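Trainee: I am new to this structure and would like a close look at a single part of it, namely its salt bridges. Could you take me through them slowly, and then show me how they sit within the rest of the model?

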Amino acid sequence: MTDEELYEKALMYGRNALLWRQKFMGLLPEVQRRRLYEKKGFGSIFEFAFKLAGLSEEQVRRVLNLEKRFSNRPVLKKLLTEGEVSMYKLARVASIVTSQNEEALAQAVQALPQSAIETLVRDENGLNGPQIELKSVRAHTLELNNELTQRLLELQGKGIDVNEVLTELLDRREQEIEEEKLAIASDLKETHSRYIPVKTKVVMHKEYGTKCSIRTCYKPAEHLHHTQIFALSHVHDPHYLAPLCKEHHVIAHAINVKVGSMKVQNRSGV
């Protein structure tokens, strides 16, 4: 057996072990209700779970508490009790689930990795939870070099409104970027190549810098994402491109897969 074969076998066994452990955890609420552990001679549900699957007391408590929290969330509860999704993913979305978003979250926890789930929950909390006063934070951390600071102070000393000057400059910058994007878009041709032309990348960098384009995210951008599904549009229109961090790119593709599936169903009359 080669090293690679040994590794592949270890990987397969490890994945299967995690899956069956997940399935076992899903049984615990029903084991507790029936007090099955007593009938089989175990002193507690914790002893039952430890001896049969090596689970800690904390893990058992988390599963039982999560099942109670999902008492009126049947879709997520089913994912837990049938062991379809890990307890850790379900625990992360428990704080944001509502009757309106339960179905969407159920699809998300099945499709997305843990890191993307963390980002999804953080985004949701940022939109609906306590809001930080970003204006004061950003103003406090804004760094201007000495020369620029001096020039602005000189303008202000002359009675010129520097806010108006800066607003005009920013508006002009946005207009120039939009003109560049329009020029690129007017010359677009359909293509099957996923290579994004350099001039398109340059204008996207000019507009968004190096960070993820999601407003609440400050991670570095790693991917240029087509907000219009490329397989359908076959163009690299800069109006429908957005730089995304790794996690938001995964989330965006999960949404695209769902939308693409719906389009196929609609075409087939399902």
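Mentor: A salt bridge, as the term is used here, is a side-chain nitrogen of Lys or Arg that lies within 4 Å of a carboxyl oxygen of Asp or Glu. Please keep in mind throughout that we are looking at a predicted model, in which this rule gives a count of 14 salt bridges.

Let us begin with Lys-206 and Glu-180, which form one of these bridges, with 2.5 Å between their closest N and O atoms. The pair links distant parts of the chain, since Lys-206 belongs to helix α12 (residues 198-208) while Glu-180 belongs to helix α11 (residues 162-186), 26 residues apart. As for their surroundings, Lys-206 has a relative accessible area of 37%, so it counts as partly exposed, and Glu-180, with a relative accessible area of 29%, is likewise partly exposed.

A further bridge connects these two helices, and here it is helix α12 that supplies the acid and helix α11 that supplies the base: Glu-207 forms a salt bridge with Lys-181, and their closest N and O atoms are 2.9 Å apart. Glu-207 in helix α12 and Lys-181 in helix α11 are 26 residues apart, so this pair, too, joins distant parts of the chain. The two partners have unlike surroundings, because Glu-207 is partly exposed at 28% relative accessibility, whereas Lys-181, at 6%, counts as buried.

Now move to the other end of the numbering, where the side chains of Arg-33 and Glu-67 meet in a salt bridge with an N to O distance of 3.0 Å. Because Arg-33 lies in helix α1 and Glu-67 in helix α4 (residues 57-69), this pair ties together parts that are 34 residues apart in sequence. Glu-67 has a relative accessibility of 7%, which means that it falls among the buried residues. Arg-33 and Glu-67 also do not stand alone, for they belong to a network of salt bridges that links them with Glu-30, Arg-34 and Lys-77.

Helix α1, which spans residues 3-34, also contains Glu-4, and with this residue we come to charges of another kind of grouping. Glu-4 gathers with Asp-3, Glu-5 and Glu-8 in a patch of negative charge on the surface. Residues in such a patch have over 30% relative accessible area and take part in no salt bridge, and Glu-4, with a relative accessible area of 51%, is exposed. Just beyond the helix, in the loop between α1 and α2 (36-39), you will find Arg-35, which has a positive phi of about 50° although it is not a glycine. Arg-35 is partly exposed, at 41% relative accessibility.

A positive phi also appears at His-234, about 60° in this case, and this residue is not a glycine either. His-234 lies in the loop between α13 (230-233) and β2 (241-244), and because its relative accessibility is 18%, it counts as buried. Another histidine to look at is His-249, in helix α14 (residues 246-268), which is buried as well, with a relative accessible area of 15%. If its neighbours within four places in sequence are left aside, His-249 is in contact with His-223, His-225 and Leu-244.

To set the charged residues beside a nonpolar site, turn to Leu-142, Leu-144 and Leu-148, which form a nonpolar patch on the surface and together have about 270 Å² of accessible area. Leu-142 is found in the loop between α9 (134-141) and α10 (146-157), and its relative accessibility of 59% means that it counts as exposed.

Finally, step back to the protein as a whole, whose secondary structure comes to 14 helices and 2 strands. Of its 270 residues, 29% are buried; the protein exposes about 18400 Å², with 55% of that area supplied by carbon and sulfur atoms. Among the contacts with a separation of 6 or more, 63% are between residues 24 or more positions apart. The bridges between α11 and α12, with partners 26 residues apart, and the one between α1 and α4, with partners 34 residues apart, can be viewed against that background.

Definitions and conventions. Residues numbered from 1 in each chain as written. Predicted model: local features only at pLDDT ≥ 70, side-chain atom pairs only at ≥ 80, totals over all residues. Heavy atoms only, no water. Patch = residues over 30% accessible without salt bridge, like charges linked within 9 Å, V, L, I, M, F, W, Y side chains within 5 Å. Areas by Shrake-Rupley, 256 points an atom, 1.4 Å probe, with all protein chains shown as cover. Lys, Arg positive; Asp, Glu negative; His and termini not counted. Charge placed at Lys NZ, Arg CZ, Asp CG, Glu CD. Helix = DSSP H or I, 4+ residues; strand = E, 2+ residues; numbered from the N terminus. Buried < 20%, exposed > 50% of the residue type's maximum accessible area, 1.4 Å probe, protein only. Contact = heavy atoms within 4.5 Å.
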